[in-house]
Amino acid sequence: MKINKLAIFLIGLGLVAPFALYPVFLMKVMCFALFACAFNLLLGYVGLLSFGHAAFLGTGGYVTGYLMMNTGITPELGILCGTIAAGLLGAVYGKLAVKREGIYFAMVTLALAQLAFFVYLQAPFTGGEDGMQGVPRGMLFGLIDLNDNMNMYYFVFAIFLFGFWLVNRTVHSPFGQILKAIRENEPRAVSLGYNVNDYKWAVFIISAALAGMAGATKTLVFELASLTDAHWHMSGEVVLMTLLGGMGTILGPIVGAASVVGIQNYMSGGELGNYVHIIMGLIFVVCVLAFRNGIVGEIQKVIKRNFN
Amino acid sequence: MATFLGINLFGLFGQLLVGLINGSFYALLSLGLAIIFGLLKIINFAQGALYMVGAFFAWIALDSMGVNYWAALVFVPLAVGAIGVLMERFLLRPIANEDHLYSLLLTFGLALILQGTFTHLYGSSGLSYAIPEALKGGTRLPFMYLPNYRAWIIVASLVVCAGTWYMIEKTKLGAYLRAGTENPALMQAFGINVPLIVTLTFGFGVGLAGLAGVMAAPVYAVSPEMGSNMLIVVFAIVVIGGMGSIGGAILTGLGMGIVEGLTKYFYPEASTTVIFVVMVVVLLTKPAGLFGKEA
C-alpha cells in the first residue's frame, strides 16, 4: 500500500517536472538514477560491490549509438539492442567475477571494466577519444519525433519507470528474498541448498542489462556516446550516488543520482569546475565515516524512531 | 647477432627492459598492497594516488627547495608513510569494525581528493624530472643499450622487495606481523600493541608506494593521472597472484611486467589489455590466484 502511494507520487512528479525544470537536466538525472538503481540491486540487495559498472553503461551507449547511426533502426529497438549487448557482457563478466567475493569481487570487476575501456579506446567504430558524435534520436515506433525535447522526456521517463519497476519487482520476488538471504548469511544460504553463485550471476546480468539500458538512453538524450561513460571514474560515481542516497533502499539511488548530477551541473558552470573531483572525494569520505545509511536511509531511521 | 629466428633482438631486449621497469613498479605497489591487506584485510585504493603523491613530492622538493634525488629517496617515503599513519589512525580505525567494503570506499574517496588536488594545483599535462647526475648515461651490452637509471630502478626495487621479504619472513618484527595477521586478539593478549603494529604496517605499505613514486619520477611524466592508471593494473596483478604471500606479490608483479613487455614487442595492440586477459585466464583456472591460499 505504501509503495503504491509512493509510486503514484513519483509518477505525478515525473509528469509535471519538465514544466518546472530543464528537461535535458531531468533526463540526465533519470538516466543516472536508472544506472544507480541497477547498481544498487547488486550492492544494496546482494552486498556485491561492483567497481566496473561503467563498462555496461558504456557498452549500452556504444551499441545503441552504432546501430542508430549505421542501420537506421527505430530508437526503441536501438535501446533494446544496447540493453541486450550490456546484458551479454554482464553474463561473461559476471560468470568470472562471482568466483571471487568481497574486495576481490570489486577488483575483478574493475579490471574487467578496464579491459572493456581499452577495447573501446582502440576499436575503430567508437571514435576513440572523440567519442561517437551526432547519434540521431530518430522517430519512436517510426511515428513520434524524438528531436522534440518533451517527446524525448516522456520516452526517457517511461524507460526509467520500467527499469525502476523491474528492480522493485526483482527485489520483492522470491528470487529477491534469496538474494537478501545471501547478503545476510551466505554460508547459511548455501547450506539451505541454494546455488549461491548462480543467483549472484543472474542478478549480475539483470543489473548489467539495466545499466546498459541507462547508457543506451543517455546516448540518445545527448546524441553522443563517449569514452567517459566507460571510464572507471563513472564506476566510482555510481558507487557514490548509491552510497549518498542510501544503499539497499528503493529511493536512495534516485535521490543520490539527483544530488550528484545536481552538484556536478551546478559546479561545472562556474569556476568551481576544478574542484568537482575533490568535492566528490570529500562526499565519499564523509558518507563512509558519518553517514553510512545515506540520505534516504537516515530519513527512514528518523521516521521509524518517531512515528512507529 | 642482431636477429635470431627473424626476431630483432635489439627491439626485443628493449621491450623486455621496459617490461622489467614496469614490473619493478608493479612489484613495489602490489607488495605494499599485500602487506596492508595481510594485517588490515583491506585493499588500499589510495595506493596509486600515494604513489603519485610520492612522485610529486620529489618533483616539488627538487623544484622549489633544491632537494636532490638521493635525499628525496629517503625523506619522501617517510613523508608519504606519515600520511599513511595519519590516514590509518584517524580515518580507517574508526570504521575498522564495519564491513571492509566501507574502508575500500573511504580510500577510494581519498584517492579522488588527492588526484583532484594535484590536478588543480599542477594541471594534468605532466611534469618532467631530471635523471640524477650520477645515473646519467648508459652501458653498451653486446645485445642492447642499457641506460644506467633503468638498471638502477631494477636493482633498487629488487633490493627493497627482497629486504621487505626478509624482514617479514625471517625477523622477529616480521614474526609479530605474521602472528598479527593470523590472530590479532591472541597477540594482544600476549602484551603486544597490535593497534600500533597495524598503524605502522599501513604506514610502511604506503611508504613503499611513495618510494616507487620517487623512483618513477624520472622515468614517467609526473602527472596526477599516473597513479590511477597504475593502480588498476596492479589490482589485476593482485588478483592474478592472490594475496597469499609476500613473495607471490613480488614475483607476480615482475612477471606481469615482463609479459607486458613481450606483448608490446610481438603484438603491440594487445599490450594494454594483456594483463587483464591473463587475469581472466587465471580466474577461470585457479580462482584463488597463483599464490592464493583461500579456497
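In this predicted model, helix 7 (residues 174-184) of chain A and helix 9 (residues 196-222) of chain A make a good place to start: their axes come within 10 Å and cross at roughly 115 degrees. The crossing of helix 7 of chain A past helix 9 of chain A is left-handed. On the side of helix 7 of chain A, the contact is made by A:Ile178, A:Leu179 and A:Ile182, and these meet A:Val196, A:Tyr199, A:Lys200 and A:Val203 of helix 9 of chain A. Sorted by class, the residues of this contact are six nonpolar, no polar and one charged. A general point about helices helps in reading such a list: an α-helix has 3.6 residues a turn, so residues three or four places apart point the same way.

Let us now follow helix 9 of chain A to where it ends. A:Glu223 sits in the loop between helix 9 and strand 4 (224-225) of chain A. Its backbone is worth a look, since the phi of A:Glu223 is near 55 degrees, a positive value in a residue other than glycine. Is A:Glu223 buried or exposed? With 16 other C-beta atoms within 10 Å, A:Glu223 counts as partly exposed.

Chain B offers a companion case. B:Lys41 lies in the loop between helix 1 (9-40) and helix 2 (47-65) of chain B, and the phi of B:Lys41 is also positive, near 60 degrees, in a residue other than glycine. B:Lys41 has 14 other C-beta atoms within 10 Å, so B:Lys41 is partly exposed. A glycine with positive phi can be found too: A:Gly72, with phi near 70 degrees, follows helix 3 of chain A.

That helix invites a quick check of its geometry. Helix 3 (residues 54-70) of chain A has 17 residues, which at 1.5 Å a residue should span 24 Å; its end C-alpha atoms are 24 Å apart, so expectation and model agree. Helix 3 of chain A is also mostly covered, with 15 of its 17 residues buried.

Next comes the interior. The largest nonpolar core has 194 residues, and those with the most contacts inside it are A:Ala33, A:Leu34, A:Phe35, A:Met107, A:Ala111, B:Ala55 and B:Ala236. Which helix gives the most to this core? The answer is helix 2 (residues 23-46) of chain A, with 18 residues. In soluble globular proteins, nonpolar side chains tend to be buried together.

Helix 2 of chain A also holds A:Met30. A:Met30 is buried, because 28 C-beta neighbours lie inside 10 Å and 20 are enough to count as buried. Beyond its neighbours within four places in sequence, A:Met30 is in contact with A:Val156, A:Phe157 and A:Phe160. A:Tyr275, on the other hand, is 245 residues away from A:Met30 in sequence and 24 Å away in space, C-alpha to C-alpha.

A:Met107, one of the core residues listed above, takes us across to the other chain. Not counting residues up to four places away in sequence, A:Met107 touches B:Ile43, B:Phe235, B:Val238 and B:Val239. Taken as a whole, the contact between the chains draws 34 residues from chain A and 33 residues from chain B. On the chain B side, the elements that give two or more residues are helix 4 (100-122), helix 9 (226-241) and helix 11 (274-285) of chain B. Helix 4 of chain B gives the most, with 16 residues. By class, this side of chain B has 23 nonpolar, nine polar and one charged residues.

Two residues let us look into these chain B helices. B:Leu114 is found in helix 4 of chain B and is buried, given 23 other C-beta atoms within 10 Å. Leaving aside neighbours within four places in sequence, B:Leu114 is in contact with B:Ala46, B:Ala49 and B:Val53. B:Pro224 is 110 residues away from B:Leu114 in sequence, yet their C-alpha atoms are 8.4 Å apart.

The other residue, B:Val274, lies in helix 11 of chain B. Here 19 C-beta neighbours fall inside 10 Å, so B:Val274 counts as partly exposed. B:Val274 touches B:Val259, B:Glu260 and B:Thr263, not counting residues up to four places away in sequence. The segment after helix 11 of chain B contains B:Phe291, which is partly exposed with 19 other C-beta atoms within 10 Å.

Note on methods
Residues numbered from 1 in each chain as written. Chains lettered and ligands numbered in written order. Predicted model: local features only at pLDDT ≥ 70, side-chain atom pairs only at ≥ 80, totals over all residues. Axes fitted to C-alpha atoms, helices over the stretch in contact; angles between N-to-C directions. Helix = DSSP H or I, 4+ residues; strand = E, 2+ residues; numbered from the N terminus. Left-handed = near helix turned anticlockwise from the far one by under 90°. Contact = placed C-beta atoms within 7 Å. Nonpolar A, V, L, I, M, F, W, Y, C, P; charged D, E, K, R; others polar. Buried ≥ 20, exposed ≤ 12 C-beta atoms within 10 Å, placed from the backbone. Core = buried A, V, L, I, M, F, W, Y, C linked by C-beta atoms within 7 Å. Expected span 1.5 Å × (residues − 1).
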